[in-house]
Amino acid sequence: MPEPLTTPRQFTKLPTYNTGAWRTAVVYSEALVASAEKAGVTEAVVQEFDSLIDDVLEKMPKLEAVLTSGFVDEEVKEAMLKKAFAKQASPVFLSFLQVVARHGRLDMLRLIHMAVHEEYNRVKNRVRVLVSTAEPLDAATEQVIAQEIQKRLHLQPLLDKQVHPELIGGMVLRVGDRVFDGSIATQLQRLRESMLTRSIHEIQSRRDRFSSAN
């Protein structure tokens with residue numbers, strides 16, 4: 001029986017992070033998903049992580065404050081996690097949480113959670129694509145975009161849509177760290193820069209000719 005897919009999660013509340021933190025989160029996410037895949041419990045572990053964020057940390061901010069505090073010893077945090085989740089969490093997920101605690105990375109749980117979903121999508125041949133347009137996409141256009149991305153990348157795209165009127169027209173696609181900018185605003189900017197460069201060259205050329213003539 002095929003494994004049911006967890007519904008691609010929409011992250012409306014994004015943690016603040018930099019490139020270095022994201023790379024660290026990716027390392028942890030890859031380790032967790034690899035362990036879960038080996039044990040055949042990936043779907044369940046992803047759902048456990050969702051539940052930890054939604055049902056525990058969101059509803060118990062004081063607990064999250066303790067887990068992310070630099071004033072609480074890592075061994076104490078690890079013991080707290082074991083006591084709190086030993087009966088509910090799977091061995092794979094509990095072991096992961098303890099490793100994260102031992103390494104002093106519990107303050108990155110939300111970022112790792114986001115990275116886990118990205119890694120899970122990768123394992124399932126799905127890719128998240130941020131589509132920015134000047135106006136909301138209609139269903140037909142959205143379908144064409146999804147089909148074209150699937151055709152080119154051979155991955156199932158998960159479209160995150162954003163509306164930015166300042167783009168004027170066209171669209172901007174972001175796939176991972178790659179950006180494909182086909183917006184009218186960028187085209188106009190390039191045209192303006194091209195015309196400016198041409199004008200500067202023309203002025204320079206005339207000045208050179210004038211200097212030579214004298």
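**Ile-168**

I began with Ile-168 and asked whether it is buried or exposed. Its relative accessibility is 54%, so it counts as exposed, the cut-off being over 50%. I am working from a predicted model, and I keep that in mind for every entry here. Next I looked up where Ile-168 sits: in the loop between strand 2 (156–163) and strand 3 (171–175). I also checked its backbone. Ile-168 has a positive phi of about 70°, although it is not a glycine.

**Asn-125**

I then turned to another residue with a positive phi. Asn-125 is not a glycine either, and its phi is about 60°. I found Asn-125 in the loop between helix 6 and strand 1 (126–133). How accessible is Asn-125? I read 48% relative accessibility, so Asn-125 counts as partly exposed. The exposed class needs over 50%, and Asn-125 is therefore not in it.

**The whole chain**

I stepped back to the fold. I noted eight helices and four strands. Which order do they follow along the sequence? I wrote down α-α-α-α-α-α-β-α-β-β-β-α.

I looked up the overall dimensions next. The C-alpha trace spans about 90 × 45 × 30 Å along its principal axes. The radius of gyration is 25 Å, whereas a compact globule of 214 residues would have one near 17 Å.

I checked burial across the chain: 33% of the 214 residues are buried. The chain exposes about 13,900 Å². Carbon and sulfur atoms supply 56% of that area.

I looked at contacts with a sequence separation of 6 or more. Of these, 71% join residues 24 or more positions apart.

I also looked up the charges. There are 28 positive and 28 negative side chains. The centres of the two sets lie 3 Å apart.

**Leu-32**

I moved on to helix 1 (residues 19–39), where Leu-32 is found. With a relative accessible area of 3%, Leu-32 is buried, since the cut-off is under 20%. What does Leu-32 touch beyond four places in sequence? I listed Val-45, Phe-49, Val-92, Phe-93, Phe-96 and Val-116. I also took a C-alpha distance to Ile-112. Leu-32 and Ile-112 are 80 residues apart in sequence but 9.7 Å apart in space.

**The phenylalanines**

Three names on the Leu-32 contact list sent me to the rings. Phe-49, Phe-93 and Phe-96 form one aromatic cluster. The structure holds three aromatic pairs. I took up one of them, Phe-49 with Phe-93, and asked why the pair is called tilted. The ring centres are 5.3 Å apart and the planes stand at 55°, so the pair is neither stacked (under 30 degrees) nor edge-to-face (over 60). The pair links distant parts of the chain. Phe-49 is in helix 2 (residues 42–57) and Phe-93 is in helix 5 (residues 91–102), 44 residues apart. I checked their burial as well, and both Phe-49 and Phe-93 are buried.

**Ala-44**

I stayed in helix 2 for Ala-44. Its relative accessibility is 38%, so I entered Ala-44 as partly exposed. I took the C-alpha distance from Ala-44 to Val-92 and got 10 Å. The two are 48 residues apart in sequence. Val-92 is also among the contacts of Leu-32.

**Helix 6: Ala-115 and Glu-119**

I finished in helix 6 (residues 109–123), the place of Ala-115. Is Ala-115 buried or exposed? I read a relative accessible area of 2%, so Ala-115 is buried. Leaving out residues up to four places away, I found that Ala-115 touches Trp-22, Ala-25, Val-26 and Ser-29. The C-alpha atoms of Ala-115 and Glu-30 are separated by 8.3 Å. Along the chain, Ala-115 and Glu-30 are 85 residues apart.

Glu-119 is in helix 6 too. Its relative accessible area is 10%, which means that Glu-119 is buried under the 20% cut-off. Which residues is Glu-119 in contact with, leaving aside neighbours within four places? I noted Ser-29, Glu-30 and Val-33. Ser-29 thus appears in my lists for both Ala-115 and Glu-119.

Methods. Residues numbered from 1 in each chain as written. Heavy atoms only, no water. Helix = DSSP H or I, 4+ residues; strand = E, 2+ residues; numbered from the N terminus. Rg over C-alpha atoms; globule rule 2.2 N^0.38 Å. Buried < 20%, exposed > 50% of the residue type's maximum accessible area, 1.4 Å probe, protein only. Contact = heavy atoms within 4.5 Å. Areas by Shrake-Rupley, 256 points an atom, 1.4 Å probe, with all protein chains shown as cover. Lys, Arg positive; Asp, Glu negative; His and termini not counted. Charge placed at Lys NZ, Arg CZ, Asp CG, Glu CD. Phe/Tyr/Trp six-rings, centres within 6.5 Å; stacked < 30°, edge-to-face > 60°.
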